[in-house]
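Colleague: I should like a close look at one part of this model. Please choose a sheet with the helices that lie on it, describe it carefully, and then set it in its surroundings.

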Amino acid sequence: MKTGAAILIESLKEEGVEIIFGYPGGAVLPIYDELYDAELTHILVRHEQAAVHAADGYARASGRVGVCLSTSGPGACNLISGIATANMDSVPIVALTGQVPTGMLGNDAFQESDITGITLPITKHNYLVKDARDIKMTVKAAFYIAGTGRNGPVLIDLPKDVLTAKVAAEEVLSGEPELRGYKPTLKGHSKQIKKALELIYNAKKPVIYAGGGVIAAGASEEMVRLAELFCLPVTTTLMGLGAIPAVHPLNLGMLGMHGTEYANYAVSESDLLIAIGARFDDRVTGKLSHFATHAKIIHIDIDPAEIGKNVNPDVPIVGDAKSVLADMICLAEKKGCISEPWLEQVKLWRKNHPLRVVNDGKVHPQNIIRKLSELLDGGGIIVSEVGQNQMWTAQHYGFKKPRQWISSGGLGTMGYGFPAAIGAWFAKPDETVVVIAGDGSFQMNIQELATVAQYKVPVKIVILNNMYLGMVRQWQELFYDRRYSYTELPSVDFVGIAKAYGIQGMRVDSVDQIDEALRTALDYDGPYLLDFQIERGENVYPMVPAGAAISEMIGKHNHNGGSDT
Amino acid sequence: MKQHIISVLVENKAGVLARVAGLFSRRGFNIESLAVGTCETPGMSRITIVVIGDDMHIEQVKKQLNKLIDVIKITDITEKEHVERELAMIKVHAEPGSQRSEVMQIAGIFRAKIIDVGAQTLVLEITGDSEKIFAMESLLRPYGVLELVRTGRVALQRGSSGSALRQ
């Protein structure tokens, strides 16, 4: 006879789970009792929100399913923004929550919340297990659903009596879960692929627009090969950064609201847009009716619902990006550069409209990111918080490969970065993990300094401190007549706080300290916090105002090195 | 903008209707009518959804529904030959005497059944398409419609094709 909790731990191990991020509570005591001597690493975070973000960071860095665990009611509710984050960015996680005993369900019992009801719209799927015999099959189905097709979060709610119930081994339901309604299409239709190739052969101004789906599918290599085959310039979304090396001659960087000028011009002028694992998000397209108006569109996505959601493609291809791109390469008849004059035009844009960097002796965040990129040679795992810090990193870090850049894209979750960096380090302990944070975002999960200290997670914390909620302040400056309503944050002694947790740190006030400070942090054997006092009024440019066409950027580069806002 | 009748085969599990209905509210789709019940295959239910929208909108409805793990098959039967029915029960004010006999006459014309007789009321059961129900309701309104309940539309494709799951 085994308890439900024991079956759960056993099932997780069968799925290859090695690490769980969690926080105990009454309803999950049976699980924690099992964990006490299970060969499974459990990381005790200081807030359930950090558990889910850490599981998410783990999943993004490793490509495996991340697992988090919380108790019922308030614990489960604290997972919400993390589950929604994973859902928006298609990250495979399995969230385990405790629940009040089945007999008390619906009675407003102590620490009860209808977590399956609450998470219906923000999970790929969820389960309330009412019988201990179902646990194994449910875990199996949950991992399968989370990590196949378009990845996403799956929640399993486990009532306490189900966890304590004793079941004979032969009664435990096993085998393959029956999922009659779930059959993701992986292989692209060959007729559609041929049609897409025809469009490429005939294009004069083609651009690849690659999203997070390229990275999720492990299709970066194929994507770059296709680009090289026909000399197709590539722009990526925020989620697609790293799909093509920053230094690749065909790479245009990010497009959209804070994309590069040259990427936005290229997309606006293109006559063929090849969207791969991207979803035409409003932060990418700007005013939709003005987006790539001259372009025919090929849209490759594993989720049929993404096709035709925002734009109607000329050639839709449903399938796994890796498989579709491999087929495209295989079926290509004509090969070789199809667009020399276009490439020249794109190069000219790139030369004339580079990203803005100012060297005026002040502490500018762009220079910090560039220096970090130089010191790490574009390597490491770079995790960001949300806001200006995120956009500066996206613009200026020279990512080399996929799964190196971890950031909350779709939901824009402040407080995500720091715990996600912890998760990423547990996935890739040999990598240097750096979290780039704003002073606002960092304070949203600052308590995780305790987790970092306890487990000696050698994450490097780079705070770009402007004593503002910087991105909101930027919008207030540009669109609300400089009325800085509640976006100014008082000065915080972050180094002092780090010290209180037993973590080393340094405050950086001047430009000549940047290099040494970064070197000190990177060389230090353990976690290290850097508090950079950056130019307070620094904005992220270029910027496409909400509702404008992406070619209508403000803060464009001019040759005096400043911006022409 | 036009009405579409979508037949959805789903797992007969707790919470499936909430998933389907929740999807409609979350995505801002407008449900005109929704009817659900068990069907020919054990363990499955069939939901008939009537939804109004343009082609792109309806395409999204179907694709989003298809993403739900518990949704097994979706058939848009609007353009296919089909039969559709709705059942309504109408409690109408009908004093004994001429008023009552008039109401009974109307029921007769519409082939409605009288399923309850009260001191001052009659309950009529009518089956048909929405127009028929609407027409009868408007004729009864002057007598005083006290309560009205409708099942929502159900529909099936004619002939051998349909939304059944091929085993």
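Modeller: A definition is needed before the helices can be placed: the angle between two elements is taken between their N-to-C directions and runs from 0 to 180 degrees, each axis being a line fitted to C-alpha atoms. The model is a predicted one, and the part I have chosen is the open sheet of four strands in chain B, whose order is E2-E3-E1-E4 with antiparallel pairing. In general, the strands of a sheet pair through backbone hydrogen bonds, in either the parallel or the antiparallel sense. Here the edges are held by strand E2 (31-38) and strand E4 (71-76) of chain B; each has a single partner strand, so one side of each is left without a neighbour in the sheet. From one strand to the next, the twist averages 15°.

Within this sheet, strand E1 (residues 2-11) and strand E3 (residues 44-53) of chain B run antiparallel and are joined by ten bridges. One residue pair can serve as a landmark: Ser7(B) has Thr48(B) in E3(B) as its bridge partner.

Two helices accompany these strands. Helix H1 (residues 16-27) of chain B lies across E1, E2 and E3 of chain B, and its direction is at about 10° to that of E3(B). Helix H2 (residues 55-67) of chain B also packs on the sheet, but touches E1, E3 and E4 of chain B, and makes an angle of about 155° with E3(B). E1(B) and E3(B) are thus touched by H1(B) and by H2(B).

The chain around this sheet comes to four helices and nine strands. Followed along the sequence, the elements of chain B give the pattern β-α-β-β-α-β-β-α-β-β-α-β-β. The C-alpha trace of chain B spans about 55 × 30 × 30 Å along its principal axes.

The sheet can next be related to the partner chain. Side chains of opposite charge can pair when their charged atoms come close. Two salt bridges are counted between chain A and chain B. In one pair, Glu11(B) is joined to Arg180(A), with 2.6 Å between the closest N and O atoms; the range of strand E1 of chain B, residues 2-11, ends at the position of this glutamate. Seven residue pairs are in polar contact across the interface of chain A and chain B. On the side of chain A that touches chain B, eight residues are nonpolar, six are polar and five are charged. In all, 19 residues of chain A are in contact with 17 residues of chain B. The size of an interface is often given as the accessible area lost when the parts come together. For chain A and chain B the buried area is about 1500 Å², and carbon and sulfur atoms give 52% of it.

A sheet in chain A offers a useful counterpart. That open sheet has six strands in the order E11-E10-E9-E12-E13-E14, with parallel pairing. Its edge strands are E11 (251-254) and E14 (315-318) of chain A, each pairing on one side only, and its twist averages 15° from one strand to the next. Three bridges join strand E9 (residues 206-210) to strand E10 (residues 234-236) of chain A in the parallel sense, and Ala210(A) stands opposite Thr236(A) in E10(A). Helix H9 (residues 190-202) of chain A packs on this sheet, where it touches strand E12 (272-276), strand E13 (296-301) and E14 of chain A, its direction making about 135° with that of E14(A). Helix H14 (residues 321-331) of chain A lies across E12, E13 and E14 of chain A and runs at about 130° to E13(A).

Charge pairs also occur within chain A. Over all chains, the structure holds 39 salt bridges. One of them joins Glu14(A) to Lys136(A), where the closest N and O atoms are 3.6 Å apart. This pair links distant parts of the chain, 122 residues apart: Glu14(A) is in helix H1 (residues 4-14) and Lys136(A) in helix H7 (residues 135-147) of chain A.

Terms used
Residues are numbered from 1 along each chain as its sequence is written. Chains are lettered from A and ligands numbered from 1 in the order in which they are written. This is a predicted model: local features need pLDDT of at least 70, side-chain atom pairs count only at pLDDT 80 or more; totals for chains, interfaces and linings use all residues. Side-chain values use heavy atoms; hydrogens and water are left out. Two strands pair if DSSP finds at least two bridges between them. Contact means heavy atoms within 4.5 Å. Buried area is the accessible area (1.4 Å probe) that two parts lose on being put together, summed over both. A salt bridge is a side-chain nitrogen of Lys or Arg within 4 Å of a carboxyl oxygen of Asp or Glu. A polar contact is a pair of N or O atoms within 3.5 Å; within protein, one must be able to donate a hydrogen and the other to accept it, and residues adjacent in sequence count only if both atoms are side-chain atoms. Ala, Val, Leu, Ile, Met, Phe, Trp, Tyr, Cys and Pro count as nonpolar, Asp, Glu, Lys and Arg as charged, and the others, Gly among them, as polar.
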